[in-house]
Amino acid sequence: MKIKFKSALHRKMFTEFITANVKNPYLSRNEYVAAVFLLSADKFLWRKARGALTGYSVNFKSLDIAGISTEGYALFTAAKAVYHGSVDISLHELCDANLIDDSTVMTIFAGVMLFRNGIGLLNWRF
C-alpha cells in the first residue's frame, strides 16, 4: 500500500521537517513518524505543533490547539492517540461525514498505516 499525503503542502511540510530534524527516519519510532505525518496534514495545526516537536518526540501537553478546525482537531486527536497508544477518536466520529471530511479520514487512516508498518510505506529517500 502506498501512503498518500492530504495535499502537496502536507507532503512538503512533513518532508522538510523530517529531513531537517531526523538523522535516519527509518530508525525513528513508528508512532513518532505517524504523529508528525498527522500533525503536518493541517497548515494551522502544523504551525501550532512545530514548537512541541523535537527530532524524536512530541510534547502534546505543550500544544495549544485553540482555534483549530474540526478536521484539525480530528488530526490532532488521531496523532495523540497513535503516539500514546490510546483511543481518543471513535470509529463513529470518523464515519460522521458531518464532522470530518473524506480527505481527513483518509489521512488519519494513512497515519495509522504508518504507525503499523513504518515510514517505509512512503517509499522515498531522505
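**Entry 1: Trp46**

I started with Trp46, which is buried, with a relative accessible area of 5%. I note at the outset that this is a predicted model. I counted Trp46 as buried because 5% falls under the 20% cut-off for relative accessible area. I then looked up where Trp46 sits, and found it in helix α3.

Which residues does Trp46 touch, not counting those up to four places away in sequence? I listed Met13, Phe17, Val36, Leu39, Ser40 and Leu53. I also checked Trp46 against His10, 36 residues apart along the chain. Their C-alpha atoms are separated by 9.4 Å.

**Entry 2: helix α4 by itself**

Next I turned to α4, residues 70-84. I wanted to test its length. At 1.5 Å a residue, its 15 residues should span 21 Å. I found the end C-alpha atoms of α4 21 Å apart, so the two values agree.

Which residues of α4 are buried? I wrote down Gly72, Ala74, Leu75, Phe76, Thr77, Ala78, Ala79, Ala81, Val82 and Tyr83. I asked what these buried residues pack against. The partners are α2 (30-39), α3 (43-49) and α6. I had already met α3 as the helix that holds Trp46.

I looked just past the helix as well. There Gly85 takes a positive phi of about 70°.

**Entry 3: Thr77**

I picked one residue of α4 for a closer look: Thr77. Is Thr77 buried or exposed? I read a relative accessible area of 6%, so Thr77 is buried. Leaving out residues up to four places away in sequence, I found that Thr77 touches Asp88 and Ile89.

**Entry 4: α4 against α6**

Last, I took up the pair α4 and α6, the latter covering residues 102-117. Their axes come within 10 Å. I noted a crossing angle of roughly 15°. Angles under 35 degrees count as roughly parallel, so I logged α4 and α6 as roughly parallel to each other. I recorded the crossing of α4 past α6 as right-handed.

Which residues make the contact? From α4 I listed Glu71, Ala74, Leu75, Ala78 and Val82. From α6 I listed Thr104, Thr107, Ile108, Val112 and Phe115. I sorted the contact by class: seven nonpolar, two polar and one charged residues. I went back to the buried set of α4 and found Ala74, Leu75, Ala78 and Val82 in it.

How values were computed: Residues are numbered from 1 along each chain as its sequence is written. This is a predicted model: local features need pLDDT of at least 70, side-chain atom pairs count only at pLDDT 80 or more; totals for chains, interfaces and linings use all residues. Side-chain values use heavy atoms; hydrogens and water are left out. Axes are lines fitted to C-alpha atoms, for helices over the stretch in contact, and angles run from 0 to 180 degrees between N-to-C directions. Helices (H or I, at least four residues) and strands (E, at least two) are DSSP runs, numbered from the N terminus. Angles under 35 degrees count as roughly parallel, over 145 as roughly antiparallel, 65 to 115 as roughly perpendicular and the rest as oblique. A crossing is left-handed if the near helix is turned anticlockwise from the far one by less than a right angle, and right-handed if clockwise. Contact means heavy atoms within 4.5 Å. Ala, Val, Leu, Ile, Met, Phe, Trp, Tyr, Cys and Pro count as nonpolar, Asp, Glu, Lys and Arg as charged, and the others, Gly among them, as polar. The expected span of a helix is 1.5 Å times one less than its number of residues. Buried means under 20% relative accessible area, exposed over 50%, partly exposed in between (1.4 Å probe, protein chains only).
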